[in-house]
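Trainee: Could you take me through the largest pocket of this model, and then through what surrounds it in the rest of the chain? I would like one connected account that I can follow with the structure open.

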Amino acid sequence: MFSVPAVKGVEFGKGFEISKMKGSEANDEYYLDGKDIKTSTNNNGGILGGITNGMPIVFNVAIKPTASIFKEQKTVNIATMEETILSIEGRHDPCIVQRALPVIEAVTAIGILELLG
């Protein structure tokens, strides 16, 4: 996911919330469903120790807001080493999430495909 430029964080299952849980609360207890082994919860998002446990892989990705906004911002001109004001012109998307989602889906598919190979 971090190959996508706007991604700033990834969490599986309960993610950072799991660090506030007791081990007994965070553990995904196993049970038999016919001949299938499943977990009664999916707090770990289907990933344990970097390996899938057979449950659905569930994750969230944090996307940073676009930096190209029309509000003037302070910056430094590195050619002149002077403080200046940055003013963005032209068409820029105020939110890139709708464009990032298909990329996240594609990166996920590539990752799963690599696991199958």
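Mentor: Here is a walk through the pocket, followed by the aromatic pair, the hairpins and a few single residues.

A word on the ground rules: this is a predicted model, where local features need pLDDT of at least 70 and side-chain atom pairs count only at pLDDT 80 or more, while totals for chains, interfaces and linings use all residues. Residues are numbered from 1 along each chain as its sequence is written, and side-chain values use heavy atoms, with hydrogens and water left out.

Let's begin with the pocket itself. Rolling a probe the size of a water molecule over the atoms shows where empty space is left. Here the search runs on a 1 Å grid over the protein atoms alone; a pocket is an open set of points where a 1.4 Å probe fits, with protein on both sides within 12 Å along at least five of seven lines. The largest pocket has a volume of about 280 Å³, a volume being the space filled by probe spheres set on the points, which are joined across faces, edges and corners.

Now for the walls. A lining residue has an atom within 4 Å of a point, and the residues that line the largest pocket are Met 1, Val 10, Phe 12, Ile 47, Ile 57, Phe 59, Val 107, Thr 108, Gly 111, Ile 112 and Leu 115. By class, nine of these are nonpolar and two are polar, with no charged residues. In that count, Ala, Val, Leu, Ile, Met, Phe, Trp, Tyr, Cys and Pro are nonpolar, Asp, Glu, Lys and Arg are charged, and the others, Gly among them, are polar.

Helix α2 (97-116) and strand β1 (7-12) each supply at least two lining residues, and α2 gives the most, with five. Helices (H or I, at least four residues) and strands (E, at least two) are DSSP runs, numbered from the N terminus.

Two of the lining residues deserve a second look: Phe 12 and Phe 59. Rings of Phe, Tyr and Trp (its six-membered ring) pair if their centres lie within 6.5 Å; planes under 30 degrees apart count as stacked, over 60 as edge-to-face and the rest as tilted. By this rule there is one aromatic pair. The ring centres of Phe 12 and Phe 59 are 5.8 Å apart and their planes stand at 45°, so the pair is tilted. The pair links distant parts of the chain, as Phe 12 belongs to strand β1 and Phe 59 to strand β6 (residues 59-63), 47 residues apart.

How open are these two rings' residues? Phe 12, at 38% relative accessibility, counts as partly exposed, and so does Phe 59 at 22%. The scale calls a residue buried under 20% relative accessible area, exposed over 50% and partly exposed in between (1.4 Å probe, protein chains only).

Let's move on to the hairpins. Strand β2 (residues 30-33) and strand β3 (residues 36-39) run antiparallel and are joined by four bridges; strands pair if DSSP finds at least two bridges between them. Tyr 30 stands opposite Thr 39 in β3. Two residues lie between β2 and β3, and Gly 34 in the turn has a positive phi of about 70°.

A search of the whole structure finds one salt bridge, meaning a side-chain nitrogen of Lys or Arg within 4 Å of a carboxyl oxygen of Asp or Glu. Lys 38 forms it with Asp 33, and their closest N and O atoms are 2.8 Å apart. Lys 38 is partly exposed at 28%, as is Asp 33 at 35%.

The second hairpin pairs strand β7 (residues 73-77) with strand β8 (residues 82-86), antiparallel and joined by five bridges. Val 76 has Glu 83 in β8 as its bridge partner. Four residues lie between β7 and β8. Most residues other than glycine have a negative phi. Met 81, in the loop between β7 and β8, has a positive phi near 55°, and at 63% relative accessibility Met 81 counts as exposed.

Finally, Pro 5 sits in the segment before β1 and is exposed at 77%. Pro 5 and Val 103 are 98 residues apart in sequence and 11 Å apart in space, C-alpha to C-alpha.
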